[in-house]
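Here are my notes on this model, point by point. Please read them with the structure open.

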Amino acid sequence: MVPYSKDFPVSWEELHRNARALSWRLLEQGPWKGIIAITRGGLVPAAILCREMDIRLIDTICVVSYKEGEAGQGAMAQGDLNVLKGVEGDGEGFILVDDLVDTGRTAAKVREMLPKAHFATIYAKPAGKPLVDTFITEVSQDTWIRFPWDMEYTFSTPLADRHEK
Ligand SMILES: O=P(O)(O)OC[C@H]1O[C@H](OP(=O)(O)OP(=O)(O)O)[C@H](O)[C@@H]1O
Ligand SMILES: O=c1[nH]c(=O)c2nc[nH]c2[nH]1
Ligand SMILES: [Mg+2]
């Protein structure tokens, strides 16, 4: 398992801006028949893409992958990948969207299911990057991305109080 030593919090605004940037990139490569979101992380990017790209046909591939545990503080250890719901066909003309690729395990599985779909993510880490057709931002492999739907506003201890005296 990769040790995550960096934290990369993402605000709703930043996520929205990046999803719109992804929409621009994908519009240039269309036309598209529809969007397939990989649940659950792909659902929010898919909602922004379909609004910006005027796409009305939306489907899902439902997968369960990570298990809460080992890495601590919300970071997770990877378990078996379980497909709860697939999609008919080979994905031709469809955008397959997820929030990120990390190890690339989820991407490899869904690409196997829909080999002709165009795989798009907002974030990519180096190990998963070769499996993505279009992404917006790369982060290092030891970074844990914190999505806005996984966070809440809370008190922040002043840096001076965290510093050992
Ligand atoms: O490249 P990988 O190592 O496979 O990791 C990437 C996947 O992990 C996350 O989903 P997760 O399984 O945590 O579930 P969720 O989307 O339902 O939150 C993320 O949304 C990707 O789908
Ligand atoms: O919220 C998340 N952030 C990440 O960096 C990550 N990698 C795999 N799965 C992930 N989920
Ligand atoms: Mg996911």
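1. Aspartate 99 sits in strand S5, which covers residues 94-101. The model is a predicted one. Relative accessibility of aspartate 99 is 9%, under the 20% cut-off, so the residue counts as buried. Its contacts, leaving out residues up to four places away in sequence, are Gly41, Gly42, Pro45, Thr121, Ile122, Tyr123, Phe147 and Trp149.

2. Aspartate 99 also carries a record annotation. An unreviewed UniProt entry marks a "binding site" that covers Arg40 and Gly41, and also Asp98, Asp99, Leu100, Val101, Asp102, Thr103, Gly104, Arg105 and Thr106. Two of these residues, Asp99 and Gly41, touch each other in the model.

3. Glycine 104 is on that list too. It is placed in the loop between S5 and helix H3 (105-113). Is glycine 104 buried or exposed? Its relative accessible area is 7%, so it is buried. Beyond four places in sequence, glycine 104 touches Gly128 and Leu131.

4. UniProt, again in an unreviewed entry, lists Asp102 and Ile145 under "binding site". The pair spans 44 residues in sequence, yet no two of the C-alpha atoms are more than 9.8 Å apart, so the two residues gather at one spot. Aspartate 102 belongs to the loop between S5 and H3. Isoleucine 145 belongs to strand S8, residues 143-146.

5. Both residues of that pair are buried: aspartate 102 has a relative accessibility of 7%, and isoleucine 145 has 5%. With neighbours within four places set aside, isoleucine 145 is in contact with Phe8, Val10, Tyr123, Lys125 and Val139. Tyr123 appears among the contacts of aspartate 99 as well.

6. Please check the backbone geometry. Most peptide bonds are trans, and most residues other than glycine have a negative phi. Where are the cis bonds? One joins glycine 30 and proline 31, with omega at about 5 degrees. Proline 31 lies in the loop between helix H1 (12-27) and strand S2 (34-39). Another cis bond joins threonine 39 and arginine 40, with omega at about -5 degrees. Arginine 40 is in the loop between S2 and helix H2 (43-53), and the UniProt "binding site" annotation includes this residue.

7. Threonine 39, on the other side of that second cis bond, is part of strand S2. Its relative accessible area is 14%, so threonine 39 is buried. Its side chain reaches the backbone nitrogen of valine 63 at 3.4 Å. Contacts of threonine 39, outside four places in sequence, are Thr60, Ile61, Cys62 and Val63.

8. What is the phi of aspartate 54? It is near 55 degrees, a positive value in a residue other than glycine. Aspartate 54 falls in the loop between H2 and strand S3 (58-72). At a relative accessible area of 52%, aspartate 54 is exposed.

9. Now the whole chain. It holds 4 helices and 8 strands. From the N terminus, the order is β-α-β-α-β-β-β-α-β-β-β-α. Of the 165 residues, 40% are buried. Among contacts between residues at least 6 apart in sequence, 62% join residues at least 24 apart. Accessible surface comes to about 9800 Å², with 53% of that belonging to carbon and sulfur atoms.

How values were computed
Residues numbered from 1 in each chain as written. Chains lettered and ligands numbered in written order. Predicted model: local features only at pLDDT ≥ 70, side-chain atom pairs only at ≥ 80, totals over all residues. Heavy atoms only, no water. UniProt positions renumbered as here; feature names shortened; annotations may be inferred. Helix = DSSP H or I, 4+ residues; strand = E, 2+ residues; numbered from the N terminus. Buried < 20%, exposed > 50% of the residue type's maximum accessible area, 1.4 Å probe, protein only. Contact = heavy atoms within 4.5 Å. Areas by Shrake-Rupley, 256 points an atom, 1.4 Å probe, with all protein chains shown as cover. Polar contact = N/O pair within 3.5 Å; in protein donor to acceptor, adjacent residues only side chain to side chain.
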